[in-house]
Amino acid sequence: MKPPPFDYSAPTTLDEALALLLEHGEDARPLAGGQSLVPLLSFRLARPSHLVDLAGISELGSIVVDDGHLVIGAMVRERAAERHDDVRLLAPLLAQALPLIGHPAIRSRGTIGGSLAHADPAAELPAVALLLDAELVAQSRDRGKRTIKAADFFSGFFTTALQPDEILTEVRIRRPALRTGSAIEEVARRHGDFAMVGAAAMVRLEDGKIADARVALTGVSDIPVRATEAEAILEGAEPTDEAFATAAEEAAKSLSPPADLHGSSSYRRHLATVLMRRTFKLAAQRAKEAA
Amino acid sequence: MQNIAERYTGASVKRSEDPRILTGTGCYVDDVRLPGMLHAAFVRSPSAHARITGVDVTEARKLPGVIAVLTGEELDALTVRGPGAAGMFSAGLPMPSFSVLATDKVRLVGDPVVLVVAESRYLAEDACELVVVDYEELPAVITQEQALDPAGPPIFEDLGSNVLVRSPVATFGDVEGAFARADRVVRAELRQHRHQNVPMECRGVVCSFDLGSGELTVYSATQGVHIARTGFATQLDMPLEKVRVLAGDIGGSFGLKLGAAREDIACAAASRRLGRPIRWIEDRSENLTASGQARDESFEVEAAISNEGHILGLRVKMIIDTGAYPGLGGMLPEAVKGMIPGPYKIGALSFESTAVITNKASYVAYRGPWASETWVRERMIDLIAKELAMEPLEVRLRNVVTRGEPPLQMLTGRSLVGVTSRESLDRIAALVDVEAFRRRQAEARAQGRYLGLGLATYIEAAPGPRTPGGGGGIMGPEQMRLRLEEDGTVTVFTSQMPHGQSHQTTLAQIAADEFGVPFDQVRVVVGDTDVVPMGFGTGGSRSATMAGGVSLHGARALRAKVFEVAAHLFEASPEDMDLAAGAVSVRGVPARAVPLGEIARAAHEPGRVPRDLEGDLEVTAEYDGGEGGWAGGTHAAIVEVDVETGQVRIERYLVAEDCGVLINPAIVEGQVRGGVAQGIGAVLLERSAYDPDSGQYLSSTFMDYLIPTACEIPRIEIEHLETVPLDADVNFRGVGEGGMIIAPPTLCNAIEDALSPMGVRVTEQHLPPCRILELIGAIALDP
Amino acid sequence: MSTFDVELTVNGTPRQGSVEPRRTLADFLREDLGLTGTHLGCEHGVCGACTVLVNGEPARSCLMLAVQARGADILTVEGLANNGVMNPLQQAMWESHGFQCGFCTPGFLMQITALLVENPNPGEEEIREALSGNLCRCTGYESIVNGVLRAAGHDGSPPEPRH
């Protein structure tokens with residue numbers, strides 16, 4: 001189980017990396033933390049001719065706060081983000097999600113940008129980005145920078161809006177409004193495994209009623225999805241167990257999750273219902289506490 | 001003798017294996033480096049069942065760094081066909097003809113077809129991708145039903161069908177009468193799913209053929225070097241003495257690494273052909289797909305019972321799926337038949353079995369290979385309890401044998417003298433407090449929480465009771481050589497091949513006590529056919545009694561011989577010799593003590609002792625198992641099932657076990673806990689899954705084949721019963737397999753108990769969360 | 001394919017080699033530097049046997065290319081003992097009968113080393129969670145957890161059973 005041959009470059013600037021991607025064409029792949037790409041290489045399921053290692057590009061490695069936004073460089077390691085005070089303060093849902101990714105030794109290498117660009121439908125960060133309306137900034141040598149909304153970023157099973165000559169450089173997350181609570185829960189076969197289904201929810205309360213409810217699901221489609229029916233049902237509703245249950249049940253009806261060895265389609269739909277209900281409830285409780 | 005308080009035996013002596021293991025200086029087969037060593041990889045079948053119509057290795061041979069590419073046909077010409085590693089288990093069974101690598105057909109996904117030898121494993125894998133094999137697909141035989149279908153394609157043409165063995169009905173006692181007398185009959189179809197060993201170290205071998213001497217040296221990860229040597233010599237058509245098998249540290253096995261595997265033989269043949277050392281280290285994907293699997297059995301069971309809960313009779317029909325290349329699976333039904341009554345007074349039994357061949361990985365030994373007898377029996381007892389609305393513990397107590405009260409014989413023949421199942425049931429009942437649990441369970445249910453209690457009992461022939469023809473030891477007597485060295489240490493040569501069992505510690509503890517030297521003056525030598533005595537190796541929970549016993553008797557014999565030599569030096573009688581503080585003296589004259597090393601030197605010096613005592617101060621001992629005896633115990637689990645997600649949390653897991661006298665309690669408990677962890681894995685996580693149509697293997701990575709982590713295994717509370725000494729000296733019994741045998745029924749029983757308000761009846765052993773929700777009706781089965 | 005020079009520090013000693021880009025850090029350590037204490041149990045990042053510390057952080061050496069480790073400070077299991085004397089964690093594991101076959105051991109020791117640096121006094125749940133990315137097939141984990149507790153200054157005896 002050894003990787004096939006490939007070439008390798010380790011640029012130290014973004015410009016250099018973008019030029020290398022362009023030069024080597026579609027068979028080149030950026031290498032971020034490698035925690036998903038290297039096993040694919042070892043199984044010989046991915047066969048890039050050239051890897052462009054982004055680790056030496058210092059401009060991709062920082063976390064800054066900019067105009068009420070948390071801006072996380074694509075090469076920030078998940079473990080570093082997990083430990084970062086600004087992440088806890090400005091993106092509590094992200095802070096809740098990060099420890100659910102794999103295991104410490106995976107998170108110490110894995111990067112925020114790598115996970116988003118890999119776009120595993122079972123992964124936590126794509127769903128979190130979707131829920132938070134994160135903005136993903138991509139850059140290419142010829143077309144420069146562009147900002148892609150998370151809702152437009154994930155286009156299919158392990159596929160994104162990124163073009164082969166583009167590199168995801170940063171993700172921008174808006175600070176949550178006041179009286180907002182969030183929660184993420186998932187059901188995995190074992191601790192640290194990719195979840196069969198996960199749900200991330202955010203609830204904002206105003207005058208004791210739900211002003212805004214959002215939920216995003218992993219593992220129920222080829223991309224992370226928002227359960228908009230549930231969100232619509234809850235808007236303006238009282239934050240009661242019954243309301244959350246009804247919203248979750250209604251939203252789950254339209255899901256047709258994929259089946260695999262670990263769980264059937266019916267099971268995943270059922271889990272989505274349970275987890276939406278649980279995370280709405282927890283998020284609402286946290287919103288109350290935040291008030 | 002030392003007094004008891006000073007004995008090593010019975011103490012949790014720190015392991016002598018650990019300093020090398022904890023510092024990264026152990027030597028596993030993947031750590032062996034030989035000059036000029038090459039690396040092997042195999043082209044494997046992508047299909048479950050297909051005819052090979054062409055093999056083109058032209059491009060692969062051209063790749064720089066590739067030394068040889070050998071097809072199945074070419075290797076067939078270099079080797080002798082035979083059952084290989086499976087042969088030791090298949091005496092008397094039909095055995096099809098097959099080659100070392102596939103030639104005519106492939107019979108499972110992962111069947112090896114071509115061997116590539118290159119300068120590195122990377123290059124060897126590159127070359128594998130350049131080999132073109134043409135296949136003509138055949139229908140895959142995956143399920144038992146497909147295998148039993150006479151119209152199905154035979155996997156081995158020379159067998160004619162996919163039924164390997166059909167054993168006629170065997171009856172014990174008056175079965176018809178039992179069912180005629182029964183108040184009720186409980187029926188169930190029980191299914192034990194396929195799962196597998198998965199040692200953390202995959203299989204591997206380094207083969208080195210010396211063109212000059214014509215000798216083959218093999219470094220192998222194996223449970224027994226002599227069995228492996230026989231395999232190599234047979235299939236390479238070499239005299240036994242030209243083959244040497246060495247083994248160092250081994251990263252677990254659990255039954256998998258027995259004998260010489262097909263891949264091992266291929267590498268040895270290639271080394272002989274090339275005259276260079278070849279290393280093959282199985283990767284995890286190969287290991288999960290093709291190394292072997294176990295436990296694929298189904299049962300139809302009828303139990304004739306009285307309203308008081310007595311089991312009057314059992315009718316059992318067993319089908320076992322032995323996978324592609326026949327081996328252990330064919331003989332297992334005999335073991336299951338013999339053991340199915342367990343420690344219970346079952347009135348009558350009829351048993352019939354069928355072993356079938358399928359396009360799946362070959363059936364291999366896995367920790368307690370016959371364990372389905374316990375699973376079936378202990379599951380049936382709970383179903384009987386449910387039928388009678390009785391406490392499952394009570395049904396067990398009404399049927400279990402009692403020490404000192406006849407009948408103390410299993411219906412199928414073996415003596416049950418010394419069995420302490422009743423004591424272990426009583427102990428578990430006290431530890432759990434069943435009544436208190438039932439109250440707590442009722443309160444929890446009222447709050448929508450589902451707790452369950454399960455318990456189960458087993459016995460294991462470890463080594464088993466003394467038989468009229470010989471000792472208690474299965475697989476023959478155990479030998480050991482022991483030698484006093486000139487530095488005063490005792491070297492023990494054992495055929496045991498520890499792969500986690502800590503024999504370098506435990507055998508030294510026993511020998512040190514019996515001989516009378518400090519623990520660290522006993523050195524245990526394993527893993528070299530040139531120096532260790534003939535023997536099976538390690539397996540079958542036989543080491544504690546067999547190797548422990550021969551270590552005790554061998555040390556005693558060596559001490560006697562040392563005293564005999566010393567007596568000559570002192571011109572005294574051997575009976576008057578005394579050993580203390582590493583020196584021998586005439587009793588009462590400690591001032592004139594002679595160090596042990598000096599006695600060994602004296603034996604080496606011509607003329608100092610009579611000719612018949614000259615030379616190495618060495619003995620060869622043999623032990624037949626003595627009075628033998630049973631290991632066994634009762635386990636209990638308290639679980640909580642989340643009926644919304646199907647997840648099972650194990651709140652408590654308790655063990656009351658009896659393996660006789662403990663050699664090293666920490667090591668015993670490690671064996672128990674490790675076995676329980678594998679049993680928990682089997683029920684909640686592990687399944688070797690195949691697509692029933694294509695035969696594709698679905699569990700070929702560690703993302704699919706899930707072994708438990710530290711978060712899934714609870715603390716395991718263990719109590720030891722050391723109840724019945726049967727032998728004058730040796731009352732250690734095996735403990736390796738028990739946990740894995742008994743944990744699956746314990747956990748299944750607990751889960752069924754938790755779900756009893758939903759009317760759930762558990763008839764399968766694998767209960768992942770999705771399945772639990774299907775069983776309680778929370779979700780529908782996918783179409 | 002071109003080869004790359006790799007210079008790095010392993011267990012405090014500068015080491016170097018020349019590798020194809022595809023060579024994993026694990027193979028570089030084991031095959032090129034002869035440090036066979038690091039074990040390969042799955043080569044796809046699940047079992048944790050190959051865990052080493054890279055600049056103090058635990059990492060799967062099967063999921064890292066050797067070229068990615070250029071300039072890094074690597075600690076492997078061989079670097080734990082000091083002049084042949086086992087360090088307190090190794091001693092605690094020995095006392096606790098932590099391991100059996102020893103194959104998973106290097107990965108556990110390195111992951112535990114990282115854990116204890118970050119959290120010198122972890123509770124049992126924290127230990128289990130931190131170790132859940134390391135698979136052991138022999139022990140059922142309890143003895144390993146006890147070893148960590150012992151290394152963290154507890155006496156290593158199991159806590160009272162839950163009732």
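These legends go with a set of close-up views of a predicted model.

**View 1. The largest nonpolar core, with V639(B) among its best-connected residues.** This core takes in 213 residues. Those with the most contacts inside it are M276(A) and F280(A) from chain A, plus V639(B) and I751(B) from chain B. Zoom in on V639(B) and, leaving out residues up to four places away in sequence, you'll find it touching Y450(B), L451(B), G452(B), V648(B), R649(B), I650(B), E651(B), L747(B), A750(B), I751(B) and A754(B). There is also a second, separate core of 88 residues, and L482(B), V517(B), V562(B) and A603(B) are among its members.

**View 2. Helices α18 and α19 of chain B crossing each other.** Here α18(B) covers residues 665–684 and α19(B) covers 738–754. Their axes come within 7 Å and cross at roughly 45°, so the two helices count as oblique to each other. The crossing is right-handed. On the α18(B) side, the contact uses V672(B), G675(B), V676(B), Q678(B), G679(B), I680(B), A682(B), V683(B) and L684(B). Facing them from α19(B) are G739(B), M740(B), A743(B), P744(B), L747(B), C748(B) and I751(B). Sort the contact residues of this pair by class and you get twelve nonpolar, four polar and no charged. I751(B) should look familiar, being one of the residues with the most contacts inside the largest nonpolar core.

**View 3. Helices α15 and α16 of chain B packed together.** α15(B) runs over residues 503–515 and α16(B) over 543–570. The pair packs at an angle of about 35°, with the axes 8 Å apart, and the crossing is right-handed. From α15(B), the residues involved are H503(B), L507(B), I510(B), A511(B), E514(B) and F515(B). They meet S543(B), A547(B), G548(B), S551(B), L552(B), A555(B), R556(B), L558(B), R559(B) and V562(B) of α16(B). By class, that makes nine nonpolar, four polar and three charged residues. V562(B) also belongs to the second core, the one of 88 residues.

**View 4. Helices α7 and α8 of chain B.** Residues 225–235 form α7(B), and residues 262–274 form α8(B). The axes come within 10 Å and cross at roughly 55°, so this pair is oblique too. α7(B) passes α8(B) in a right-handed crossing. G231(B), F232(B) and Q235(B) of α7(B) make the contact with D264(B), I265(B) and A268(B) of α8(B). The split here is three nonpolar, two polar and one charged.

**View 5. Cis peptide bonds at P407(B) and P463(B).** The bond joining P406(B) and P407(B) is cis, with omega about 5°. P407(B) sits in a loop of chain B, between α12 (392–399) and α13 (421–432). The other cis bond goes from A462(B) to P463(B), with omega near 15°. P463(B) is in a strand, β16, which spans residues 450–465 of chain B.

**View 6. Positive phi at R179(A) and D207(A).** Neither residue is a glycine. R179(A) has phi near 55° and lies in the loop between β10 (167–174) and β11 (180–187) of chain A. Its relative accessible area is 36%, so R179(A) counts as partly exposed. D207(A) has phi of about 50° and belongs to the loop between β12 (197–206) and β13 (209–218) of chain A. At 79% relative accessible area, D207(A) is exposed.

**View 7. G71(C) in a loop of chain C.** Look for G71(C) between β4 (57–60) and β5 (73–75). With a relative accessible area of 66%, G71(C) is exposed. Setting aside neighbours within four places in sequence, G71(C) is in contact with E7(C) and L8(C). G71(C) and Q16(C) are 55 residues apart in sequence, and their C-alpha atoms are 9.9 Å apart in space.

**View 8. Q144(B), a buried residue in a helix.** Q144(B) is part of α5 of chain B, residues 144–148. Its relative accessible area is 5%, and buried means under 20%, so Q144(B) qualifies. Apart from neighbours within four places in sequence, Q144(B) is in contact with R191(B), D296(B), E297(B), S298(B) and I319(B).

Technical notes:
Residues numbered from 1 in each chain as written. Chains lettered and ligands numbered in written order. Predicted model: local features only at pLDDT ≥ 70, side-chain atom pairs only at ≥ 80, totals over all residues. Heavy atoms only, no water. Core = buried A, V, L, I, M, F, W, Y, C linked by side-chain atoms within 4.5 Å. Buried < 20%, exposed > 50% of the residue type's maximum accessible area, 1.4 Å probe, protein only. Contact = heavy atoms within 4.5 Å. Axes fitted to C-alpha atoms, helices over the stretch in contact; angles between N-to-C directions. Helix = DSSP H or I, 4+ residues; strand = E, 2+ residues; numbered from the N terminus. Parallel < 35°, antiparallel > 145°, perpendicular 65-115°, else oblique. Left-handed = near helix turned anticlockwise from the far one by under 90°. Nonpolar A, V, L, I, M, F, W, Y, C, P; charged D, E, K, R; others polar.
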